[in-house]
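Hi,

Here is the structure I said I would pass on to you. Have it open while you read, and follow the notes along the chain.

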Amino acid sequence: MKRAATIFMFILLSAGVFAQVRTDGPVVAIDTKGMTVLLEARGGEPLRYLYIGERLDSADVGAVPAAGAIRMDAYPAYGQGNIRSDALAVTHWDGNMSTEMAVSSVSIENSEDASTACILLKDRIYDFYVKVFYKAFLDADMVETWTELTSLEKKPVLLRRFDSAFLPLRTGNVWASHLYGSWANEGRLVQEPLERGTLLIENKDGVRNSQTSHSEIMFSLDGKPLENAGTVLGAALCYSGNFRLEVVTDDSDYHKFYAGICPDNSSVSLGRGESFRTPELAFTVSGEGLGGASRNFHDWARAHRLAHGDRERKILLNSWEGVYFDVNESGMAEMMSEIAGMGGELFVMDDGWFGEKYPRVRDRSSLGDWKVDRNKLPHGLGWLVDEADRNGIGFGIWIEPEMTNTVSELYEAHPDWIINAPGRDVVQGRGGTQAVLDLGNPAVQDYVFGIVDGLMKECPGIDYIKWDANMSVSSHGSSWLPADRQSELNIRYHQGFAAVCERIRAAYPDITIQACASGGGRANYGVLPWFDEFWVSDNTDALQRIYMQWGTSYFFPAIAMASHISAVPNHTVGRVTPLKFRIDVAMGGRLGLELQPRDMTDAEKMQCRQAIADYKKVRPVVQFGDLYRLVSPYDGLGVASLMYCSKDKSQAVFYWYRTENFYDSHLPRVKMAGLDPDRMYTVYELDRIGESALPFEGRSFSGAFLMSSGLEMPGGFSGRLGGYSSRVLHLVAEPR
Ligand code: GLA
């Protein structure tokens, strides 16, 4: 047997560029501004972690082994040695279910914005290869890791498990923070200590992979989670499909964290010469608590993982809660003129505009037939785009391209294009007739690309697309995949989805695209490279949104979180909250409106006009600034508070929401964070309603005072407004 050691070597590419990834003997050191990962890549031996944590001084790097290093396999494989839990499981061509990977070579590649280590592993006896990648960004505290699995074996091999990454976390008082929920309650935060056993976070929806659980997690490594203190490791699996995060706590000194595509019913066959690339796991380490990890995610997202992360988002009106399916030309024109009159910048026509043979009057038909319904819109889409233009605003449109209804011209023409087990009844979703298209099929990919391409060719002026997806993969079967590859259905779907998104972005790089999936079903970094934002939830109730937006902000920046002012009683929960409260909550994300302006009083319109003008003043701070979460709604203190600070700390926006209104409740005074202690900040209230000015209006305070003492928030009008009082303050630093 030829030992892999004989081919061990280091190849350094593009030497000379500042390397965040470097090698020193067998040690591979991966640095970002705030974190270090050390690996031992000794030829012929397993790739091992030595250290994962806050940034090490180069003087300390060499001392890590003496201090006690992790020394665990960085990409453990099943079947030889420790077989308890593994990142990789392969059945080789001859039926052998064991795999034993050893280091073959290391290479480093430097690009403009990142430095990437690639460690090539080879099975000790089979022609099976794994490349393990670690990409460290120059300008973001984030490392992305993924693998590429290649077989050169005689006959196909079967991948039974193929995680993106494995990370060991030192056992101790470690807490996990992650998100769960349901339709209309997405992004709820759960925080729990890691106890003996396995924490399993999975999603097997097939399409909406963040509706009930999320593929992001934070670990507070030294005790109960704190916002602005303690070491936190945060990780996000960047994948749009079924995933599994698994944290195994057993009798060893490390919690074992595995992250990857959910392998259940999804084994992949690799023919000779074929490769499979796993999705990236992005991870960060922060010494500034959960908040520090969130800020790292937000910075990385805006710079590298979110479409147009450097572009301010427009303030829009979406038609859905205003008119639902009752779309018509004069109604749309009226809404456009109203939002323009309030200072908005974009109008989005939601569901209900399409279908010729089967007009979309409710959710029972027409998906797939993306032709304008001339009964509703006699002058077509072009007229609407022109009308938006006449109002000085952009025009956006809703589509749900991955789906069809069995009542549609598309389904009549292509019944074989849907996902469903052969010979079985079609499982039908929303409206009793919805079905998911088989995106693994290249013909379906062409068709889906053609929907966007057709719309854009017909109306090049379209500025924004709301891309929805409202059904799960509910039956397992593809008429396109061969019998021996049916298990690849879910993975092929998401490869197809990625391919279509790539094509769309290549052809239409500038349009804004929102990811909606029955609300927040696609708040995930697997989709965001192609999407500018996501709809946080179909639930627009301001109180419940405080909790959802709080959780979502752990991983996603405000610029990506679509947050709309809607009517009361709220259409989902029936709660009546004051317009000011609804405005103040929506202003915490990407502001929009989702209501029928016709039903508003002049005073309410005026209030929204004022809010939009105020939001424009602070939009860059909200969308590009640093988030500091101050008081959590989950702590049950009766108040929730957060703020955004501009990068240069010259401005900040402070939000204060009263979440409970009980007699004899005593609210905490909120200390601010993220300001420059040495600068003076003048305070201005935003979204002011006819009350007298707050005592501190126009007064200046040092950042030190605001962070050590804070300002007393009068919940003044809580009684009159049913308890839902709120305040938004703009802090402006005096020029130096
Ligand atoms: C989904 C979305 C909503 C709306 C409707 C239209 O439920 O989440 O925002 O677009 O579809 O049918």
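Below is what I found in it, going from the sheets to the helices and then to a few odd spots in the loops. Before you start, keep in mind that this is a predicted model.

**Two open sheets**

Let's begin with the five-stranded one. This sheet is open, its strands come in the order β2-β3-β4-β5-β6, and the pairing is antiparallel. The edges are taken by β2 (21–24) and β6 (72–73); each has a single partner strand, so one side of each is left without a neighbour in the sheet. If you want to look at one pairing in detail, try β4 (residues 35–40) and β5 (residues 48–54), which run antiparallel and are joined by six bridges. V37 has I52 in β5 as its bridge partner.

Further along the chain you'll meet an open sheet of six strands. Here the order is β33-β34-β35-β38-β36-β37, again with antiparallel pairing. Which strands stand at the edges? They are β33 (626–631) and β37 (700–702), and each has a single partner strand, so one side of each has no neighbour in the sheet. On average, neighbouring strands in this sheet are turned by 25° against each other, if you ignore direction. For the pair at the β37 end, look at β36 (residues 680–686): it pairs with β37 in the antiparallel sense over three bridges. Within that pair, T682 stands opposite S700 in β37.

Now find the helix that goes with this sheet. Helix α12 (residues 602–624) lies across β33, β34 (639–645), β35 (651–658), β36 and β38 (726–733). Compared with β35, α12 runs at about 100°.

**A parallel pair of strands**

Not every pair here is antiparallel: strand β28 (residues 462–467) and β29 run parallel, with four bridges joining them. W467 has A515 in β29 as its bridge partner. β29 (residues 512–515) is also a nice place to see a textbook pattern. In a regular strand, side chains alternate between the two faces of the sheet. In β29, T512 and Q514 point one way while I513 and A515 point the other way, and all are buried.

**Helices to look at**

Next, turn to helix α6 (residues 380–390). Its buried residues are G380, L381, L384, V385, E387 and A388. What covers them? The cover includes α5 (329–341), β24 (346–349), β25 (394–399), α8 (442–458) and β28. After α6 comes G392, with a positive phi near 75°.

Then there's a pair of helices, α10 (residues 542–552) and α11 (residues 579–586). Their axes are 9 Å apart and they pack at an angle of about 20°, so α10 and α11 are roughly parallel to each other. The crossing of α10 past α11 is left-handed. On the α10 side, A542, L543, R545, I546 and Q549 make the contact, meeting F581, R582 and V585 in α11. Sorted by type, the residues of this contact are five nonpolar, one polar and two charged.

**Odd spots in the loops**

Some background for this part: most residues other than glycine have a negative phi, and most peptide bonds are trans. With that in mind, have a look at these:

- V568 and P569 are joined by a cis peptide bond, with omega about -10°. P569 sits in the loop between β31 (561–566) and α11.
- S518 is not a glycine, yet its phi is positive, near 55°. You'll find S518 in the loop between β29 and β30 (533–535). At 6% relative accessibility, S518 counts as buried.
- D664 is another residue other than glycine with a positive phi, near 65°. D664 lies in the loop between β35 and β36. Is D664 buried or exposed? Its relative accessibility is 57%, so D664 counts as exposed.

**One last residue**

Finally, click on F354, in the loop between β24 and α6. F354 is buried, with a relative accessible area of 0%. Leaving out residues up to four places away in sequence, F354 touches P359, R360, S366, L367, D369, W370, K371, V372, D373 and W398. For a sense of distance, the C-alpha atoms of F354 and G292 are separated by 45 Å, and these two residues are 62 residues apart along the chain.

Have fun exploring!

Technical notes: Residues numbered from 1 in each chain as written. Predicted model: local features only at pLDDT ≥ 70, side-chain atom pairs only at ≥ 80, totals over all residues. Heavy atoms only, no water. Axes fitted to C-alpha atoms, helices over the stretch in contact; angles between N-to-C directions. Parallel < 35°, antiparallel > 145°, perpendicular 65-115°, else oblique. Left-handed = near helix turned anticlockwise from the far one by under 90°. Contact = heavy atoms within 4.5 Å. Nonpolar A, V, L, I, M, F, W, Y, C, P; charged D, E, K, R; others polar. Buried < 20%, exposed > 50% of the residue type's maximum accessible area, 1.4 Å probe, protein only. Pairing = 2+ DSSP bridges.
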